[in-house]
Amino acid sequence: MKRRDLLAAGAGLTMLALVRPASATPAEMAAAINSFTGGAKPQTGKVKFDIAQLIDNGNAVPVTISVDSPMSATDHVSAIGIFTERNPQTEVAVFTLGPRAGKAEVSTRIRLATSQRLMAVARMSDGSYWSQGVEVIVALAACVEGEAP
């Protein structure tokens, strides 16, 4: 192999590494959820994850999470976290709520790197955790690291 060929191959691999979408793993998402819950296993239910199942563009995806809670002083949602399986950062957002919020609902826009599983986890005032997961298909990926040449 000639020196020029070796240098060209190395430059090509470097560019490929810079332009690839970075992604976490399902294990990293589980670890982020475990960190959020302090090791407690979330129960399924009470949380409603409202997001389109088929997403044309992953750059700004509208998401709404609501939790079935009376939002009283003794029974309320204290935090809601959104976690992704294959984004560069698994913990997308954590919202802090209190009984004066009036409604256990948050809305935002997130970026999605590719088709993946998302989880919403709610921390209740009694220390319990509730969750819901959804699978989404992303046609045009976001979260691409680096710049194209």
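This report describes the cores, side-chain pairs, strand pairing and selected residues of a predicted model.

## Nonpolar cores

The largest nonpolar core has 25 residues. Within this core, Phe49, Ile51, Ile65, Val77 and Leu112 touch the most other members. Six strands each supply at least two of its residues: β2 (47-50), β4 (61-67), β5 (77-84), β7 (105-110), β8 and β9. A second core, separate from this one, has nine residues, among them Met29, Ala79, Phe83 and Tyr129.

Ile65 shows what surrounds one of the well-connected members of the largest core. Apart from residues up to four places away in sequence, Ile65 touches Val47, Lys48 and Phe49, then Ile80 and Ile82, then Ala104, Glu105 and Val106, and also Ala120. Phe49, one of these contacts, is itself listed with Ile65 among the members that touch the most others.

## Aromatic residues

There are two aromatic pairs in the model. In one of them, the ring centres of Phe36 and Tyr129 are 6.1 Å apart; their planes meet at 70°, so this pair is edge-to-face. Phe36 belongs to helix α2 (residues 26-37) and Tyr129 to strand β9, so the pair ties together parts 93 residues apart in sequence. Phe36 and Tyr129 are both buried.

Phe83 joins Phe36 and Tyr129 in one aromatic cluster. Two of these residues, Phe83 and Tyr129, also appear in the second nonpolar core. The ring of Phe36 has a charged neighbour as well: the charged end of Arg123 sits over it, 4.6 Å from the ring centre.

## Salt bridges

Side chains of opposite charge can pair when their charged atoms come close. The model contains two salt bridges.

One joins the side chains of Glu135 and Arg117, with an N to O distance of 3.5 Å. Glu135 is in strand β9 (residues 129-140) and Arg117 is in strand β8 (residues 116-124), so this bridge ties together parts 18 residues apart in sequence. Both ends count as partly exposed: Glu135 has 46% relative accessibility, and Arg117 has 27%.

The other salt bridge joins the side chains of Glu105 and Lys103, at 4.0 Å from N to O. Glu105 counts as partly exposed, at 36% relative accessibility, whereas Lys103 counts as exposed, at 53%. Glu105 is also one of the residues touched by Ile65.

## Strands β5 and β6

Strands β5 and β6 run antiparallel and are joined by five bridges. Across this pairing, Gly81 stands opposite Val94 in β6. The connection from β5 to β6 is a hairpin through six residues.

Thr90 is located in the loop between β5 and β6 (91-96). With a relative accessible area of 12%, Thr90 is buried; the cut-off for buried is under 20%. Setting aside neighbours within four places in sequence, Thr90 is in contact with Ala24, Glu28, Met29 and Ala32, and also with Ile82, Phe83 and Thr84. Two of these contacts, Met29 and Phe83, are members of the second nonpolar core.

## Ser131 in strand β9

Ser131 is a residue of strand β9. Its relative accessible area is 5%, which means that Ser131 is buried. Beyond its neighbours within four places in sequence, Ser131 is in contact with Pro42, Gln43, Thr44, Gly45 and Val47, together with Met119, Ala120 and Val121. Val47 and Ala120, which are in this list, are also touched by Ile65.

## Residues with positive phi

Lys46 is a residue other than glycine with a positive phi, near 60°. Lys46 is placed in the loop between β1 (43-44) and β2. At 37% relative accessibility, Lys46 counts as partly exposed.

Met71 also has a positive phi, near 55°, and is likewise not a glycine. Met71 lies in the loop between β4 and β5. Met71 has a relative accessible area of 6% and is therefore buried.

Terms used
Residues numbered from 1 in each chain as written. Predicted model: local features only at pLDDT ≥ 70, side-chain atom pairs only at ≥ 80, totals over all residues. Heavy atoms only, no water. Buried < 20%, exposed > 50% of the residue type's maximum accessible area, 1.4 Å probe, protein only. Helix = DSSP H or I, 4+ residues; strand = E, 2+ residues; numbered from the N terminus. Core = buried A, V, L, I, M, F, W, Y, C linked by side-chain atoms within 4.5 Å. Contact = heavy atoms within 4.5 Å. Phe/Tyr/Trp six-rings, centres within 6.5 Å; stacked < 30°, edge-to-face > 60°. Lys NZ or Arg CZ within 6 Å of the ring centre and 35° of its normal. Pairing = 2+ DSSP bridges.
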